[in-house]
Amino acid sequence: MGFDFNFRQAEDTRDIRCLIDFVSSQNLGYPKYDEWVQKTEAELLSRDKKGVLAFSDARVVGDLVYQNHKSLQRFLELKNLRVHPKFRVREFARFMLRQAEVESRPSHDAVICDVRPERKDVISFLHSCGYTPVLSGPLYDPNTPDVSFVKPLRKSKES
């Protein structure tokens, strides 16, 4: 059995296009998803957002999109984390997430993200990565709740 895995920051136009193609093919029912994808592409190109790509045999099989939180100083915000189902047992999501956390630690105190409550698999994953639920309520659709999670990136002086 052979394998060829590669991870890298999506920095050039070609990589950003690959990331956008991967993300746009997986609408999870969020309102105005296509608009978000277009906005994300522009923000990746302008460096307002960062992206990580996971490859297997030169094909995109995972992504992570993140940014500085727009209103919470020193918070990193995860915007999108996906891995093709065939590769989830390989821990690609955990690896990409950990890289973003380590790279962001000098300039950020915590990471924040949200997930739909019915995504028990994602919630379990976030718990296993040290994330704690802090808020539940609608973020994108007034009729659909979301759960916000936070993970401190440095130990507090009290602990």
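A pocket, on a 1 Å grid over the protein atoms alone, is an open set of points where a 1.4 Å probe fits, with protein on both sides within 12 Å along at least five of seven lines; lining residues have an atom within 4 Å of a point. Grid points are joined across faces, edges and corners, and a volume is the space filled by probe spheres set on the points.

This is a predicted model, in which local features need pLDDT of at least 70, side-chain atom pairs count only at pLDDT 80 or more, and totals for chains, interfaces and linings use all residues. Residues are numbered from 1 along each chain as its sequence is written, and side-chain values use heavy atoms, with hydrogens and water left out.

**Exercise 1. Describe the largest pocket.**

Step 1: take the volume. The largest pocket holds about 1100 Å³ of space.

Step 2: find the lining. It has 35 residues; Leu28, Lys79, Asn80, Leu81 and Arg82 lie nearest the centre of the pocket.

Step 3: assign elements. Helices (H or I, at least four residues) and strands (E, at least two) are DSSP runs, numbered from the N terminus. Two or more lining residues come from each of helix 2 (33–45), strand 4 (75–83), helix 3 (92–104), strand 5 (110–115) and helix 4 (120–128). Strand 4 gives the largest share, six residues.

Step 4: sort by class. Ala, Val, Leu, Ile, Met, Phe, Trp, Tyr, Cys and Pro count as nonpolar, Asp, Glu, Lys and Arg as charged, and the others, Gly among them, as polar. The lining has 16 nonpolar, three polar and 16 charged residues.

**Exercise 2. Do the same for the second largest pocket.**

Step 1: its volume is about 180 Å³.

Step 2: 13 residues line this pocket, and Lys50, Tyr66, Leu76, Ser104 and His108 lie nearest its centre.

Step 3: strand 2 (49–56), strand 3 (59–68) and helix 3 each supply at least two lining residues. The largest share, three residues, belongs to strand 3.

Step 4: the classes are two nonpolar, six polar and five charged.

**Exercise 3. Lay out the sheet.**

Step 1: write the order. Seven strands form an open sheet in the order 1-2-3-4-5-7-6, with mixed pairing. Two strands pair if DSSP finds at least two bridges between them.

Step 2: find the edges. Strand 1 (5–9) and strand 6 (132–141) each have a single partner strand, so one side of each lacks a neighbour in the sheet.

Step 3: check the pairs. Strand 3 and strand 4 run antiparallel, joined by seven bridges. Strand 5 and strand 7 are antiparallel over six bridges. Strand 6 and strand 7 are antiparallel over seven bridges, and form a hairpin with two residues between them.

Step 4: judge the cover of strand 7. Seven of its nine residues are buried (under 20% relative accessible area; exposed is over 50%, partly exposed in between; 1.4 Å probe, protein chains only).

**Exercise 4. Place valine 65: is it buried or exposed?**

Step 1: locate it. Valine 65 lies in strand 3.

Step 2: read its accessibility. Valine 65 has 0% relative accessibility, so it counts as buried.

Step 3: look across. Valine 65 stands opposite asparagine 80 in strand 4.

Step 4: list contacts (heavy atoms within 4.5 Å). Leaving aside neighbours within four places in sequence, valine 65 touches residues including Leu19, Thr40, Lys50 and Leu78.

Step 5: take a distance. Valine 65 and arginine 82 are 17 residues apart in sequence and 9.3 Å apart in space, C-alpha to C-alpha.
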